[in-house]
Amino acid sequence: MSKLLTVRDLVVEVPARNIKILDGISFSLEAGQTLGLVGESGCGKSVTCCAVANMLPRGIVRSGGSVTFEPGGPSTRKPAVPKIAMIFQDPTSSLNPVHTIGYYLESALYRHQGLKGRDARMEAMRLLERVGIDRARSRLRAYPHQFSGGMNQRVMIAHALAAKPQLLIADEPTTALDVTMQAQILHLLEELKAETGMSLMIVSHDLGVIARLADRAAVMYCGKIVETASVAELLERPSHPYARALIDCMPSIDPDDLAPPVPIPGSVPLLDSLPEGCHFHPRCSRASGECSARFPAPANIGFAHEASCYHPVAA
Ligand SMILES: Nc1ncnc2c1ncn2[C@@H]1O[C@H](COP(=O)(O)OP(=O)(O)OP(=O)(O)O)[C@@H](O)[C@H]1O
Ligand code: SF4
Ligand SMILES: [Mg+2]
């Protein structure tokens, strides 16, 4: 399988505050595969997505490393517009309230596929139907406030599909939705991925979502990737104490499992006062002297499984 996306030693900073949001992260994604990014709030998941999509907000700059997107494999010519699309956590506030759904979709179809007038309208209707919105013709005249959060997320997905992306980045696509709607959106993403063959990068703080959709996962903490593995391996044999702790936080749906979830002590430190060495050490029950001296280099734990820890859980 060919690599679609390769991120190497990516550094993203806020120069005005002299802080690093991403500190040398590396990962890759094969064509047609799904990568899950997981970690607590503020660890840099959304900034990673924006850096990959080349959509970093003003005031945040990429100061090191590389992001290589190779649609169709390294040897073919790249299209003029990289085929990366992104959907966001809060669909309703991501849509412009003064534009109709039809305007939103048709302008994307014009931009990405050159469709206009009736052709654009027909394709917009087809996309809406594909993402599960009925009465598509009349819905095109509706505004985002007339749709539920789940419907607006479907519109966002339809908008992303207008670009015929080879990589869809979904940043917490179900966090703002109720559980029934969450399940429907995850199912839709699964179907679309199987149908189009696109790759998916999905962000969630919910390991259940990652377990359902992703082939591989990267665990982030304070702007660093601390463990990468296949999802099955990560859930069964987490190596980094932080990954283990995230799993232990998950409530179980097994009625026989009466053990309560175990919270991680403390909280994520601020970027301008990160602890020296391994940033997790003040919260880690396995920490030793060397943990606060130097950040541990990534080490192979098993096949395609890496973790940055002096005292991995499995050892
Ligand atoms: N525009 C910005 N200017 C300055 N700092 C920012 C900006 N955007 C994000 N940050 C900082 O970068 C860090 C990572 O933010 P990011 O939004 O990527 O976190 P996240 O992992 O997506 O969290 P969440 O799960 O809450 O969405 C945070 O400390 C955040 O305060
Ligand atoms: S390096 Fe040390 S502090 Fe960091 S996770 Fe591993 S054991 Fe804990
Ligand atoms: Mg985020």
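**Exercise 1. What is the order of the eight strands in the open sheet with mixed pairing?**

Conventions come before the solution. The model is predicted, so local features need pLDDT of at least 70 and side-chain atom pairs count only at pLDDT 80 or more, while totals for chains, interfaces and linings use all residues. Residues are numbered from 1 along each chain as its sequence is written, chains are lettered from A and ligands numbered from 1 in the order in which they are written, and side-chain values use heavy atoms, with hydrogens and water left out.

*Solution.*
- Step 1. Strands are DSSP runs of E with at least two residues, helices are runs of H or I with at least four, and both are numbered from the N terminus. Two strands pair if DSSP finds at least two bridges between them.
- Step 2. The order is β5-β6-β7-β3-β8-β9-β11-β10.
- Step 3. β5 (84–87) and β10 (299–302) are the edge strands, each pairing on one side only.
- Step 4. With direction ignored, neighbouring strands of this sheet are turned by 20 degrees against each other on average. Axes are lines fitted to C-alpha atoms, for helices over the stretch in contact, and angles run from 0 to 180 degrees between N-to-C directions.

**Exercise 2. Describe the pairing of β6 with β7 and the helix that packs on this sheet.**

*Solution.*
- Step 1. Five bridges link β6 (residues 167–171) and β7 (residues 199–204) in the parallel sense.
- Step 2. Leu168 stands opposite Leu200 in β7.
- Step 3. Helix α6 (residues 149–161) packs on the sheet and touches β5 and β6, contact meaning heavy atoms within 4.5 Å. The direction of α6 makes about 175 degrees with that of β5.

**Exercise 3. Analyse the open sheet of three strands.**

*Solution.*
- Step 1. The order is β2-β1-β4, and the pairing is antiparallel.
- Step 2. Because β2 (19–30) and β4 (61–69) stand at the edges with a single partner strand each, one side of each is left without a neighbour in the sheet.
- Step 3. The twist from one strand to the next averages 5 degrees.
- Step 4. β1 (residues 3–14) is joined to β4 by seven bridges, and Leu5 has Phe69 as its bridge partner in β4.
- Step 5. Nine bridges join β1 to β2; Leu22 in β2 is the bridge partner of Val12.
- Step 6. β1 and β2 form a hairpin with four residues between them, and Asn18 in the turn has a positive phi of about 55 degrees.
- Step 7. Pro15 lies in the loop between β1 and β2. Its neighbours within four places in sequence aside, Pro15 is in contact with Gly59 and Val61.

**Exercise 4. Which residues come nearest to ligand 2?**

*Solution.*
- Step 1. Residues around the ligand have a heavy atom within 4 Å of it.
- Step 2. Of the 13 such residues, Cys278, Cys284, Cys291, Cys309 and Tyr310 come nearest.
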